[in-house]
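Trainee: I have a new chain open on my screen and I am not sure where to begin. Could you walk me through it?

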Amino acid sequence: LFFSEDVLSKDAGECAICLEELQQGDTIARLPCLCIYHKGQVFLRMHIKFQKVTFIGCIDEWFEVNRSCPEHPSD
């Protein structure tokens, strides 16, 4: 599934994945269906074994196990 990466120019409600507000300045992914989700530094994942912190965006996490829009799975 293709998407475009952008920076949000104004507040846009909540992300359907993490339920946090999409705020002006957030990096987002805009899917072909025009749904938008956080892209970039939203989720904090600790790798204690490697003593490393990794930042993953909502849609990145979603695409690890899915290949469709969270709100339009049949598209």
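Mentor: We will begin with the overall make-up, then turn to the sheet, and finish with two residues.

Mentor: Please keep in mind throughout that this is a predicted model.

Trainee: Okay, so how many helices and strands does the chain have?

Mentor: There are five strands and one helix in the chain, and if you follow the sequence from its start, they come in the pattern β-β-β-β-β-α.

Trainee: And which strands form the open sheet?

Mentor: Three strands build it, in the order E1-E2-E3, with antiparallel pairing. Its edge strands are E1, covering 4-7, and E3, covering 36-38, and each of these pairs on one side only. If you ignore direction, neighbouring strands in this sheet are turned against each other by 35° on average.

Trainee: How many bridges are there between E2 and E3?

Mentor: Strand E2, which spans residues 27-30, pairs with E3 over three bridges in the antiparallel sense. To look at one residue on each strand, take Ala29, whose bridge partner in E3 is Tyr37.

Trainee: Let's switch to Lys39. Where is it, and is it buried or exposed?

Mentor: Lys39 lies in the loop between E3 and strand E4, the latter running over 43-47. Its relative accessible area is 15%, and because buried means under 20%, Lys39 counts as buried.

Trainee: What does its side chain make a polar contact with?

Mentor: The side chain of Lys39 makes a polar contact with the side chain of Asp60, at 2.5 Å. Leaving aside neighbours within four places in sequence, Lys39 is also in contact with a number of other residues, including Phe3, Glu5, Thr27, Ile28 and Ala29.

Trainee: Phe3 is on that list, so where does it sit?

Mentor: Phe3 is found in the segment before E1, and with a relative accessible area of 32% it is partly exposed. Not counting residues up to four places away in sequence, Phe3 touches Ala29, Arg30, Leu31, Lys39 and Phe63.

Trainee: How far apart are Phe3 and Ile28?

Mentor: In sequence they are 25 residues apart, while in space their C-alpha atoms are 9.7 Å apart.

Trainee: Last topic, the whole chain: what share of it is buried?

Mentor: Of the 75 residues in the chain, buried ones make up 25%. The chain exposes about 5300 Å², and carbon and sulfur atoms supply 52% of that area. As for contacts with a separation of 6 or more, residues 24 or more positions apart account for 33% of them.

Technical notes
Residues are numbered from 1 along each chain as its sequence is written. This is a predicted model: local features need pLDDT of at least 70, side-chain atom pairs count only at pLDDT 80 or more; totals for chains, interfaces and linings use all residues. Side-chain values use heavy atoms; hydrogens and water are left out. Two strands pair if DSSP finds at least two bridges between them. Helices (H or I, at least four residues) and strands (E, at least two) are DSSP runs, numbered from the N terminus. Axes are lines fitted to C-alpha atoms, for helices over the stretch in contact, and angles run from 0 to 180 degrees between N-to-C directions. Buried means under 20% relative accessible area, exposed over 50%, partly exposed in between (1.4 Å probe, protein chains only). A polar contact is a pair of N or O atoms within 3.5 Å; within protein, one must be able to donate a hydrogen and the other to accept it, and residues adjacent in sequence count only if both atoms are side-chain atoms. Contact means heavy atoms within 4.5 Å. Accessible areas come from the Shrake-Rupley method with a 1.4 Å probe; for residues, only the protein chains shown count as cover.
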